[in-house]
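Let's take a walk through this one together. Have a look at the sequence and the fold first, and then we'll go through the details piece by piece.

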Amino acid sequence: MDPSLVSQVHPYVPLDLHLPDYSPCLLSMSNILVVFAFSSLLIVSLIWVFSGGFKKSKVDRVLMCWWAFTGLTHMILEGYFVFSPEFFKDKSGFYLAEVWKEYSKGDSRYAGRDAGVVTVEGITAVLEGPASLLAVYAIATGKSYSYILQFAISLGQLYGTAVYYITAILEGDNFSSNTFYYYAYYIGANASWIVIPSIVAVRCWKKICAAFRPQGGQTKRPKTH
C-alpha cells in the first residue's frame with residue numbers, strides 16, 4: 001500500500017478528509033478529560049480563594065471564577081488551535097494537540113481547518129480571552145465599566161457560538177464521527193458558552209438599566225456587587 005495513503009487514515013468525517021501525515025491520538029479520552037477537569041478546578045479554586053480578599057458577594061466571586069476559566073480556555077486551548085494549523089501531525093503526545101485531535105471527532109472542521117471555525121476561534125482567542133481576564137480585574141476592583149464589559153464579552157460569546165452552529169447547519173451538519181461525539185463534544189462541550197453568557201448578559205443588562213433609571217431627578221449609581 002502506498003505510504004502516503006496510510007498516513008491519511010483518520011477517524012474523522014468525511015473519511016476522504018485530506019490530512020497528510022496524520023498521527024493518531026496518544027492520550028485516551030479519559031486522560032484528556034481528567035487533565036482538563038483538574039486544571040479547571042485548580043484555576044477556579046485559586047480565583048475563589050483570591051477573590052475572598054476583595055470583600056465581594058458570592059455572585060461576583062463566582063463570576064470572577066467564570067471569567068478566569070473562560071479567559072484562559074480561550075487564550076490557551078483555542079489560541080493553540082488557531083496558531084497550530086498542523087496539530088493533527090503531532091507525534092509527541094503534546095496535550096493541546098491531543099485535545100484538538102480528540103475534539104475533532106465531534107467536529108472535523110477543526111482538523112480540516114475550516115475557514116469559518118478558524119476565524120471565530122481566532123477572534124475568541126485574541127479578543128475575548130484577554131477581555132475575560134480584564135473582567136476578573138474589573139469585578140475585583142469595582143471598575144465602572146465592569147457590567148458593560150461583561151455584557152459585551154457575553155454577547156460576543158453568544159454570537160460566536162451562533163455562527164459556529166449556523167455555519168455547520170448550512171454545510172450539512174455532518175462533521176461528527178458518531179452520535180456519541182456529536183452530543184458529548186459538539187453539543188455538550190459548547191453548552192456552557194450558551195447558558196452562562198446568556199445568564200450573565202441578562203444580569204448585566206438589568207444592572208446597566210438600573211444605573212440609568214431616574215430616581216427623584218437623579219441617576220442611580222450601579223452597585224458593585
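## Helix α7, end to end

Start with helix α7, residues 179-211: with 33 residues at 1.5 Å a residue, this helix should span 48 Å, and its end C-alpha atoms sit 47 Å apart, which agrees. Keep in mind that we're looking at a predicted model here. The helix does have a bend in it, of about 35° at A191.

Which residues of α7 are buried? There's a good run of them: Y181, Y185, Y186, N190, W193, P197, V200, A201, R203, C204, A210 and A211. That list mixes aromatic names such as W193 with an arginine, R203.

S198 gives us a contact across the sequence: L155 is 43 residues away from S198 along the chain, yet the two C-alpha atoms are 8.0 Å apart in space. L155 belongs to helix α6, residues 146-170. With a relative accessible area of 41%, L155 is partly exposed.

## The overall picture

Stepping back, the protein has seven helices and two strands. Reading from the N terminus, the order is α-α-α-α-α-α-α-β-β, so the two strands come after the seven helices.

How far does the C-alpha trace span along its principal axes? The answer is about 80 × 35 × 30 Å. As for burial, 43% of the 225 residues count as buried.

## A nonpolar patch on the surface

On the outside there's a nonpolar patch of about 430 Å², made by F83, I123, V126 and L127. Which helix gives the most to this patch? That's helix α5, residues 115-141, with three residues.

F83 comes from elsewhere: its place is in helix α3, which covers residues 58-83. The numbering puts F83 at the final position of that helix. F83 is exposed, with a relative accessible area of 61%; because patch residues need over 30%, F83 clears that cut-off.

## Salt bridges around α4

The structure holds five salt bridges. One of them joins E98 and K101, whose side chains meet at 3.3 Å, N to O. Both residues lie in helix α4, three residues apart, or about one turn of the helix. Why does that spacing suit a pair? An α-helix has 3.6 residues a turn, so residues three or four places apart point the same way. Are E98 and K101 buried or exposed? Both are buried.

Another salt bridge brings together the side chains of K105 and E102, at 3.0 Å from N to O. This pair is buried too, K105 as well as E102.

E86 and K89 make a further salt bridge, with the closest N and O atoms 3.1 Å apart. Here the burial reads another way: E86 is partly exposed, with a relative accessible area of 48%, and K89 counts as partly exposed at 24%.

## Cysteines without a disulfide

How many disulfides does a search of the whole structure find? Zero. Take C65: the closest cysteine sulfur to its own is in C204, and at 16 Å that is too far for a bond. A disulfide would need the two sulfur atoms within 2.5 Å.

C65 counts as buried, at 7% relative accessibility. C204, its closest cysteine partner by sulfur distance, is one of the buried residues of α7. C25, on the other hand, counts as partly exposed at 22%.

## Backbone oddities in the loops

Where is the cis peptide bond? It joins V13 and P14, with omega at about 0°. P14 is in the loop between α1 (3-6) and α2 (29-51).

Two residues other than glycine have a positive phi worth a look. R113 has phi near 55° and is found in the loop between α4 (95-103) and α5. R113 is partly exposed, with a relative accessible area of 22%.

The other is D173, with phi near 50°. D173 lies in the loop between α6 and α7, and at 27% relative accessibility it counts as partly exposed.

Key: Residues are numbered from 1 along each chain as its sequence is written. This is a predicted model: local features need pLDDT of at least 70, side-chain atom pairs count only at pLDDT 80 or more; totals for chains, interfaces and linings use all residues. Side-chain values use heavy atoms; hydrogens and water are left out. Patches are made of residues with over 30% relative accessible area and no salt bridge: like charges are joined within 9 Å, nonpolar side chains (Val, Leu, Ile, Met, Phe, Trp, Tyr) within 5 Å. Accessible areas come from the Shrake-Rupley method with a 1.4 Å probe; for residues, only the protein chains shown count as cover. A salt bridge is a side-chain nitrogen of Lys or Arg within 4 Å of a carboxyl oxygen of Asp or Glu. Helices (H or I, at least four residues) and strands (E, at least two) are DSSP runs, numbered from the N terminus. Buried means under 20% relative accessible area, exposed over 50%, partly exposed in between (1.4 Å probe, protein chains only). The expected span of a helix is 1.5 Å times one less than its number of residues. The bend at a residue is the angle between axes fitted to the seven residues ending there and the seven starting there.
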